[in-house]
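Please read these points with the model open beside you. They take one loop first, then the sheets, the pocket and the confidence.

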Amino acid sequence: MRTSLTRRPSGLWAPSPAPSRRAVLQAGGLGALAMTLAACAGPAVGDDAAAAEAEDVDWASITPADEITWWSNHPGASKPIEEEIIKRFNAEHPDIAVKLVTGGANYDEIAQRFQAASSTDNLPDLVIASDVWWFRYFINGQIMPLDDLFTHLGVDTGDFVPTLYGDYEFEGQHWAAPYARSTPLFYYNKDLWAKAGLPDRGPKDWAELESWGEPLRAVLPDGGAPLGLATGTSWAAWWFSNILWGHGGAYSDEWAVTLDTPEAVAAGNYVRDMYHGPKAFAAVGTDTNADFAAGTFAALIGSTGSLSGLLEATSFELGTAFLPDGPQGPGRYTPTGGTGLAIPASRTPEQQLAAAMFLAFLTNEENTSEFSQGTGYMPVRTSAIDGPIMGEVYAQTPQFRTSVDQLTAKTRSQDWSRVFVPSGDKILTDGLEKIVLRGTDAETVWAEITPQLERAFTDNVEPYL
């Protein structure tokens, strides 16, 4: 059964029952989301077959492989941290060697390489599976469910942050585990904030940030802007979720595209005016993070995974805050994001078992805490959030606490059209770039990309539901 997310009393979002695949198909009106599968011809092996095959394995009878390969893009410049964790794993499991491979410079490059290699023997045993790619792997039958393996290994999956682990659940099975998980975060230059006479905090909402534009422009260098906010795949459609939800809109209602609503149009035109209106206060920049660190931008919306790098790169006191609310008032307008790790379905049980052992080790309380400490990505274990390692981190660097507090108080699982539809993120990004870079009216853009999203769903998702 497909799960949606229900809010727990604690403020976290956790899996709860939602319509099954069959129920979704029976509901009618499924001409709602799609696009061509990039670098892939379609599922050669169905997900049901992958699940059944995994369930048939008697893991107690399997001896783990003596070597596995892990493809990573080293999120947050984390290669040294990953290498250190591998050394620790080898100390506990000297019979299993882990080969770390730079599979690409980012999530998209790894995904394209993984799909290109899917019909060959040149596959990893563990692979990065980002928020906008893991479902495509699932549709293609390229990854296996982890539940039985984790049960065999005694992994406490209940200790994963429910929002983050639940992001990889489909029809009662988890197809990846959270690893380098993040949300967008509001960063600001406290020195410029003080010169502009602003309170030492982030804006409560977008309207307040807009009102701060004039005093910030007065203390910025020529060519500077109050806010640096870049475009690009795996980015623009992610941060725009905050503005879209804050206006009461959404990309989709499950599989049905909803960009034609007045709320979605208003959100798109608000972004257009951020860059092109009479009170424009946002700019793109060549390298937005570097421009912010250099003082060209007074504020930045960036990934929580950029925190460590920004702390090192900035000469001013770095402020962090929740993303701004929108006209709808306070709410859960921050999308989860980042990447998990998945195990390819075509590897041998011996390789899969060894990969799962390493995955469990990589994401345990101690290692997720140290990964978070070194990068700024969020701990993926509930026990780690208030554990001793992160406690020391918060005491020494309070900025780290902001992302964790935002996770528990403000996050919301992403709309299906972005994360479940192959190339949905790319379609949305192309539309947003027309709004941001050209100043095109949102109603025109949304009308152009809606049929692309719908076609993508009918071609590459609906047949496999």
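1. Start with Gln328. This residue sits in the loop between strand 15 and strand 16 (334–335). Which residues is Gln328 in contact with, leaving aside its neighbours within four places in sequence? They are Trp245, Gly246, His247, Gly248 and Tyr333. Gly249 is also worth a look. Gln328 and Gly249 are 79 residues apart in sequence, yet their C-alpha atoms lie 9.8 Å apart in space. Keep in mind that this is a predicted model.

2. Strand 15 leads to a sheet. Here 5 strands form an open sheet with mixed pairing, in the order 13-10-14-9-15. Strand 13 (282–283) and strand 15 (318–321) stand at its edges. Each has a single partner strand, so one side of each is left without a neighbour in the sheet.

3. Inside that order, look at strand 10 (residues 225–228) and strand 14. The two run parallel and are joined by 3 bridges. Ala225 stands opposite Phe297, which belongs to strand 14.

4. A helix packs on this sheet as well. Helix 19 (residues 399–410) touches strand 9 (184–189) and strand 15. The direction of helix 19 makes about 10° with that of strand 15.

5. There is another open sheet of 5 strands. Its order is 4-3-5-17-8, and the pairing is mixed. Which strands stand at the edges? Strand 4 (97–102) and strand 8 (177–182) do, and each pairs on one side only. Neighbouring strands in this sheet are turned by 25° against each other on average, direction ignored.

6. Within this sheet, strand 5 (residues 126–130) and strand 17 (residues 337–342) run antiparallel. They are joined by 4 bridges. Val127 stands opposite Ala342 of strand 17.

7. Helix 15 (residues 349–362) packs on the sheet of point 6. Its contacts there are with strand 3 (67–72), strand 4, strand 5, strand 8 and strand 17. The direction of helix 15 makes about 55° with that of strand 3.

8. Now the pocket. The largest one has a volume of about 740 Å³. How many residues line the largest pocket? The lining holds 30 residues, and Ser234, Trp235, Ser303, Ser306 and Tyr377 lie nearest the centre. Helix 4 (107–116), helix 13 (288–293) and strand 14 (297–303) are the elements that give two or more residues to the lining. Strand 14 gives the largest share, 4 residues. By class, the lining divides into 9 nonpolar, 17 polar and 4 charged residues.

9. Last, confidence. The mean pLDDT of the protein is 88, and 88% of its residues reach 70 or more. Over residues 1–47, the pLDDT is below 50. This stretch still has 143 contacts in the model, beyond near neighbours in sequence. Please keep that pLDDT below 50 in view when reading contacts of residues 1–47.

Definitions and conventions: Residues numbered from 1 in each chain as written. Predicted model: local features only at pLDDT ≥ 70, side-chain atom pairs only at ≥ 80, totals over all residues. Heavy atoms only, no water. pLDDT = per-residue confidence, 0-100. Contact = heavy atoms within 4.5 Å. 1 Å grid on protein atoms, 1.4 Å probe; cavity = no way out; pocket = protein on both sides within 12 Å on 5 of 7 lines; lining within 4 Å. Points joined across faces, edges and corners; volume = space filled by probe spheres on them. Nonpolar A, V, L, I, M, F, W, Y, C, P; charged D, E, K, R; others polar. Pairing = 2+ DSSP bridges. Axes fitted to C-alpha atoms, helices over the stretch in contact; angles between N-to-C directions.
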